[in-house]
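Hi everyone, thanks for coming. I'd like to walk you through one structure today, so let me put it up on the screen.

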Amino acid sequence: MAQTFDRADGKLALTHILFALAALMIGGIAGMLQGMVRGGVIELPGGIGYYQLLTAHGVLMALVFTTFFIIGFMFSGLSKVTGGRLTGTARGLGWAGFWLMAVGTVLGTVMILANKATVLYTFYAPLKASPWFYIALALVVVGSWLSGAGMIAQYVSWRKNNKGKISPLFAFMAVATMGLWYIATLGVAITVLFQFIPWSFGWVEKINVMLSRTLFWYFGHPLVYFWLMPVYICWYVIVPKVIGGKIFSDALARLAFVLLLLFSTPVGFHHQLMEPGITPFWKFLQVILTFMVVVPSLITAFALFATFETTGRAKGYKGLFGWFRALPWKDVRFLAPFMGMVAFIPGGIGGIINASHQMNALVHNTIWVTGHFHLTVATAVAITFFGIAYWLIPAITGRRMTASINRLGIIQVSLWALGILVMSGAMHISGLLGAPRRTSDTTYNGNEIAAQWDPYNLLMAIGGAILFLSLIVMAVALIKMIRLAKGETEYPVAESLTPAEATPRWLERWGVWVGLAAVLIVVAYAIPIADMIANPAPGAKGYVLW
Ligand code: HEM
Ligand SMILES: [Cu+2]
């Protein structure tokens, strides 16, 4: 019997998802304009600064769209797999978290629009924003902590009522994701509370720049895994069901998540390879740890294709690659995440290039980097989220997904893939030719090398326009979805090929994993951070350069 989605839980999840998509639409306008400006197609009207726009884009896309979507999606899945209903505590914490994050987002956006926080989403010191911008960031982080507490409360309550059983895979993965989030956000919370807020209020004159950047990247790298892990939830748990198959191995999936929890944090220095003030040994160590994340990524690639193959063979498809034809190419619930997987192949390879010290020297701060993360977060992650939205919204609002929604979805994600191919491809090439990221249109006084970038700048603008068109199609689909007829839409959650008893219990020993994660963080960070505090550079006053 189809189980209707709990209405109160549906409302919590839907509010998060719609908030996320609103941020995506506004961020998308900014992104499209950036492409146009860089391509020399337009100039910004009304005194809007390029960096102001870029700050809005980075914050709304990388921080707001992702976080709200992830929290909404994970609450919905928890409700689904842990008995069809969130406990009052979990739901209450979810709403409290939502409101804190929403207030923080609005406050932060107002500060950016007022041109009082044009510091980009990385808010590097010594650029100094209004203190209210940092307070806004703090509200978003604290809000997400409440939501995380809600999810963990739900998981704990399930385990209490199901003693001795292994938890549902979705719930395990959601807890691992939020566990990583708690570890990661500790860094950003410390720098915002103890460095940026006192400094921007003028209570202290100077800021320790190296320390603040280090704490930012202590957060900034695991942030990318916080985006990716919910995507992996979809790839591991949702996609197998959509294609009519089963999860290849429950234990392997859990192992991948445990490895992500361990190796996502002690690696932030790979964003600081070009910075003085960190000795090469610590950079080397963190780069080695960075490459450990390749292991869970390859596990994931293996498990997914194993699922595709076993499913196809079970349906009777023969030959080495016959199973490929068994995949439901005309189902947006599959096509979108599959496109995400494909984008993640060059995205992942680019990541390995970026993290390698010598090659980083070539691409650092060029628009190659922007090309890289539009393949990863803006495609592998975003397009998977789009694929989720098309069934999730009808499922949690008790409506029936139609063929026409599916068709719009296919058009939308195909346009997105095309737009990214053009824009991100151009970014990669012109980045290799030396074009800097985070720069408005400039000819560098007619410089020859800069002239080489011109055709790619134009391609970026064209790609950006296609991406924006994709968002318009999505807006149309959203309006249609709200007006769908009442009915049922499946919330796809796959079962495992292997029996649940086959999963080793030690995978669920959180104390061990969090403890090991802490040990790795201490090994990678304790000495260099102690050094930054004990032997600080002179410290910087704040600058407002916009
Ligand atoms: C309509 C779709 C999009 C377009 C046209 C677009 C375009 C751009 C462009 C042209 C830049 C580079 C500007 C520069 O360095 O000078 C940029 C930066 C960026 N984009 Fe996008 N983008 C889109 C979607 C997204 C999405 C979905 C995400 C993340 C979920 C995202 C995250 C970012 C981030 C984090 C930056 C870097 C900001 C910074 O350097 O401070 N973008 N985007
Ligand atoms: Cu990183």
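Let's begin with helix α9, where the cover over its buried residues includes α6, α7, α8 and α10. Before going further, please keep in mind that this is a predicted model. Which residues of α9 are the buried ones? They are Pro296, Ile299, Thr300, Ala303, Leu304, Ala306, Thr307, Phe308, Thr311 and Gly312.

We can also ask whether α9 has the length you'd expect. With 21 residues at 1.5 Å a residue, α9 should span 30 Å, and its end C-alpha atoms are indeed 30 Å apart, so the two agree. Just after α9 comes Gly316, with a positive phi of about 95°.

Now over to α7, one of the helices I named as cover for α9. The same kind of check works here: 14 residues, 250-263, should span 20 Å at 1.5 Å a residue, and the end C-alpha atoms of α7 are 20 Å apart, which agrees. How many of the 14 residues of α7 are buried? The count is 11, so α7 is largely enclosed by the rest of the structure. Among those buried residues are Asp250 and Arg254, along with Phe257, Val258 and Leu259. The buried residues of α7 pack against α5 (169-200), α6 (209-242), α8 (280-292), α9 (294-314) and α16 (510-534).

From α6, let me pick out one residue: Val237, which sits in that helix. Val237 has a relative accessibility of 1%, so it counts as buried, the cut-off being under 20%. What does Val237 touch, once we leave aside its neighbours within four places in sequence? Its contacts are Leu169, Phe170, Met173, Tyr232, Ile247, Pro492, Val493 and Ala494. Take Met173 from that list: Val237 and Met173 are 64 residues apart in sequence, yet 9.7 Å apart in space, C-alpha to C-alpha.

On to the metals, and I suspect this is the part you've been waiting for. First, the iron atom of ligand 1. Its protein donors are His57, through NE2, and His374, also through NE2, and they lie 2.0 Å from the iron. This pair links distant parts of the chain: His57 belongs to helix α2 (residues 50-81) and His374 to helix α12 (residues 367-397), with their positions 317 residues apart. Are these two histidines buried or exposed? Both His57 and His374 are buried. As for geometry, the iron site has 6 donor atoms with angles of 87 to 180° among them, and it is octahedral.

Then there is the copper ion, ligand 2. Its protein donors are His221 (ND1), His270 (NE2) and His271 (NE2), at 1.9 to 2.0 Å from the copper. Along the sequence, these donor residues follow the spacing H-x48-H-H. Here's a nice detail about the two histidines at the end of that pattern. His270 has a relative accessible area of 9%, so it is buried, whereas His271, at 26%, counts as partly exposed.

Let's zoom out to the domains. The domain assignment gives domain 1 as 166-242 + 244-327 + 509-546, and domain 2 as 328-506. Their centres, taken over C-alpha atoms, are separated by 19 Å. Across the boundary, 40 residues of domain 1 are in contact with 39 residues of domain 2. Between them the two domains bury about 3500 Å², with 77% of that on carbon and sulfur atoms.

Next, a residue from α10: Asn354, in the helix spanning residues 332-355. With 12% relative accessibility, Asn354 counts as buried. Beyond its neighbours within four places in sequence, Asn354 is in contact with Leu273, Asn360, Val363, Trp368 and His372.

To finish, a few backbone details in the loops. The peptide bond from Ala125 to Pro126 is cis, with omega near 5°, and Pro126 is found in the loop between α3 (88-113) and α4 (131-161). Two asparagines have positive phi values: Asn365, near 60°, and Asn445, near 55°. Asn365 is in the loop between α11 (357-363) and α12, and with a relative accessible area of 42% it is partly exposed. Asn445 lies in the loop between α13 (403-432) and α14 (448-452), and its relative accessible area of 83% makes it exposed.

That's my tour. Thanks for listening, and I'm happy to take questions.

Key:
Residues numbered from 1 in each chain as written. Chains lettered and ligands numbered in written order. Predicted model: local features only at pLDDT ≥ 70, side-chain atom pairs only at ≥ 80, totals over all residues. Heavy atoms only, no water. Helix = DSSP H or I, 4+ residues; strand = E, 2+ residues; numbered from the N terminus. Expected span 1.5 Å × (residues − 1). Buried < 20%, exposed > 50% of the residue type's maximum accessible area, 1.4 Å probe, protein only. Contact = heavy atoms within 4.5 Å. Donors = N, O, S within 2.8 Å, 3.2 Å for Na, K, Ca; no water. Tetrahedral: all angles 85-135°; square planar, octahedral: opposite > 155°, others 65-115°. Domains from an automatic or database assignment. Buried area = accessible area lost by both parts, 1.4 Å probe.
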